[in-house]
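Here is a round of questions about how labels are earned. Each answer sets a value against its criterion and concludes.

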Amino acid sequence: MLCSNLLKSNLKQLSNCLKSYSNVAAVEGQKHYLKPRQVWIENLDTIDEKKLGLIDLHPDVFAANPRIDIIHQNVRWQSLYRYVSFAHTKVRSEVRGGGRKPWPQKGMGKSRHSSIRSPMWRGGGIIHGPRSPTSHFYMLPFYTRVLGLTSTLSVKLAQDDLHIVKNLDIPTEESSFMQELVKSRNWGPSVLFVDEVDIMPRNITVATDEIKHMNLMPAYSLNVHSMLKYDTLVMTEAAVNRVISKLLEALNRNDGNAAMEKFKLDQV
Amino acid sequence: MASLASKFRFLLKPKVIPTIEAISCRYSSFRSSPFIHDVDDSKVKYETSKDPVEWSFVERILPPKVVPNIIKKDEYLSEWRPQSEEVVNQPYFIQRNKNHMMPVYMKTSYRGMRRLTYLKKVQGDIWMLEKDLKEFLQKEQLKPIQAQVNEFVGYICFHGDYVNAIKYWLGQKGF
């Protein structure tokens, strides 16, 4: 039941993707100063690399300015929006004791005090201390998020850390195959594989299951933090096309002002 | 709250002056508008169609999700012109924004006393563009033109209001 539902949602995604292609086709017709980035399509079913073809990547997505400031804003946002600080201090009313006056107001020759838990005292309450839980949630503006993705993809491509493969089909379920492949192609220890949909081929799923620094990700969850976390980003051709169409749609959307409106907590 | 409202309902009712019939009354209180009710209760008859030909007519009136591409014409009724196709061969390039307009904007601050003109989306040799633009703008000005170039982000910021001048220059060059 669940599987069929997933399949249905994937088919829906696929049809949406094709639909968005037709939407973005209009954008493709524009003249560009920057040339499209040409990248080899490689294979994944043998350890030795074979070049299967070339793909043209849209300059708006893969030749954007390497805005490290925007990338930093995205990474910071991604770590902060889900962070809840549980640091907690007690105020004078919450510290145990301190109910009675330690000594009379007058006649002792000492300064006047009403409680031994006043913030003046050692072991007393803390004023303006951290109170738990403190949410650090905030929303980054829509176009800062879009620019973060295009910048990071461009940076990854410029640094030769982005590879495009035909698909994620590998012949065995052995994890040694993936390790050897990554080693022979100099992809660095950690690799992120991105496919278009979230149901991956079985072999690569089993092979990378035990390897903690190789992970699989669907195109819809591609994000700045993960792209920077892994040494190499390996995307399938379908995933690249989907990412390009989605980002171009975001960059050229008709209701840009609606996207830039203040984030509402109850929005869908 | 509801009971309170019902108690003072007679006060909230719109008053109609019966003697002068020519004066129209709008009843523009929220109470005068009908309540939302379920579609099934509606008396209006409708039928559900799954005909793709009929759906194409619906799609035609839906707003496009992305800004549509320009349609090239021999002459345009407004002052707007599309970007010339030869400009891609120049050492610098100014990309039109998504609405196919020139990315020249003015920012005012200090109660409108400071005017900054921004030329955005510059690609290629931004320093040569600044030199050329300064040369053009200086002809009409007594004071020296001050500009800040941000090569990393790709914009030039001019001190002063030169929006129309820059747009004119860009139009002349075909950008």
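Q: What makes chain B and chain A count as being in contact?
A: In this predicted model, 19 residues of chain B are in contact with 21 residues of chain A. Contact requires heavy atoms within 4.5 Å.

Q: How much area do chain B and chain A bury between them?
A: About 1,800 Å² is buried between chain B and chain A, with 53% of it on carbon and sulfur atoms. On the chain B side, B:Val66, B:Lys98 and B:Phe152 lose the most area to chain A. Together these three make up 33% of what that side buries.

Q: What holds for salt bridges and for polar contacts between chain B and chain A?
A: The salt-bridge count is 0. Such a bridge needs a side-chain nitrogen of Lys or Arg within 4 Å of a carboxyl oxygen of Asp or Glu. Polar contact is present in 10 residue pairs, with both residues at pLDDT 80 or more.

Q: Which strands of chain B each supply at least two residues of the side that touches chain A?
A: Strand 1 (92-94) and strand 4 (122-124) of chain B each do. By class, that side of chain B has 9 nonpolar, 7 polar and 3 charged residues.

Q: Why is A:Ser85 called buried or exposed?
A: Its relative accessibility is 12%. Buried means under 20%. Therefore A:Ser85 counts as buried.

Q: Where is A:Ser85 found, and what does A:Ser85 touch?
A: A:Ser85 is found in strand 3 (residues 84-85) of chain A. Leaving aside residues up to four places away in sequence, A:Ser85 touches A:Ser132, A:Pro133, A:Thr134 and A:His136. The side chain of A:Ser85 also reaches the backbone nitrogen of A:Ala87, at 3.5 Å.

Q: What is notable about the peptide bond that joins A:Ser132 and A:Pro133?
A: This bond is cis, with omega about -10°. Most peptide bonds are trans. A:Pro133 has its place in the loop between strand 3 and strand 4 (134-135) of chain A.

Q: How is chain A divided into domains?
A: Domain 1 takes 38-80 + 140-263, and domain 2 takes 84-135. The centres of domain 1 and domain 2 of chain A, taken over C-alpha atoms, are 53 Å apart.

Q: What is the sign of phi in A:Asn186 and in B:Arg111?
A: Phi of A:Asn186 is near 55°, a positive value in a residue other than glycine. Phi of B:Arg111 is also near 55°, again positive in a residue other than glycine. Most residues other than glycine have a negative phi.

Q: Why is A:Asn186 called buried or exposed?
A: The relative accessible area of A:Asn186 is 69%. Exposed means over 50%. So A:Asn186 is exposed. A:Asn186 has its place in the loop between helix 5 (175-184) and strand 6 (191-195) of chain A.

Q: Why is B:Arg111 called buried or exposed?
A: B:Arg111 has a relative accessible area of 86%. With the cut-off at over 50%, the label follows. B:Arg111 is therefore exposed. The loop between strand 2 (104-109) and strand 3 (114-119) of chain B holds B:Arg111.

Q: What makes A:Gln38 buried or exposed?
A: A:Gln38 has a relative accessible area of 55%. The label exposed asks for over 50%. A:Gln38 is therefore exposed. A:Gln38 is found in strand 1 (residues 37-42) of chain A.

Q: How do you know that A:Gln38 makes a polar contact with A:Asp56?
A: The two side chains come to 3.3 Å. A polar contact needs N or O atoms within 3.5 Å. A:Gln38 touches A:Leu54 and A:Ile55 as well as A:Asp56, not counting residues up to four places away in sequence.

Q: What share of each chain is buried?
A: In chain A, 39% of the 268 residues count as buried. In chain B, buried residues make up 25% of 175.

Q: How many helices and strands do the chains have?
A: Chain A comes to 9 helices and 8 strands. Chain B comes to 5 helices and 6 strands. Along the sequence, chain B follows the pattern α-α-α-β-β-β-β-α-β-β-α.

Note on methods
Residues numbered from 1 in each chain as written. Chains lettered and ligands numbered in written order. Predicted model: local features only at pLDDT ≥ 70, side-chain atom pairs only at ≥ 80, totals over all residues. Heavy atoms only, no water. Buried area = accessible area lost by both parts, 1.4 Å probe. Polar contact = N/O pair within 3.5 Å; in protein donor to acceptor, adjacent residues only side chain to side chain. Helix = DSSP H or I, 4+ residues; strand = E, 2+ residues; numbered from the N terminus. Nonpolar A, V, L, I, M, F, W, Y, C, P; charged D, E, K, R; others polar. Buried < 20%, exposed > 50% of the residue type's maximum accessible area, 1.4 Å probe, protein only. Domains from an automatic or database assignment.
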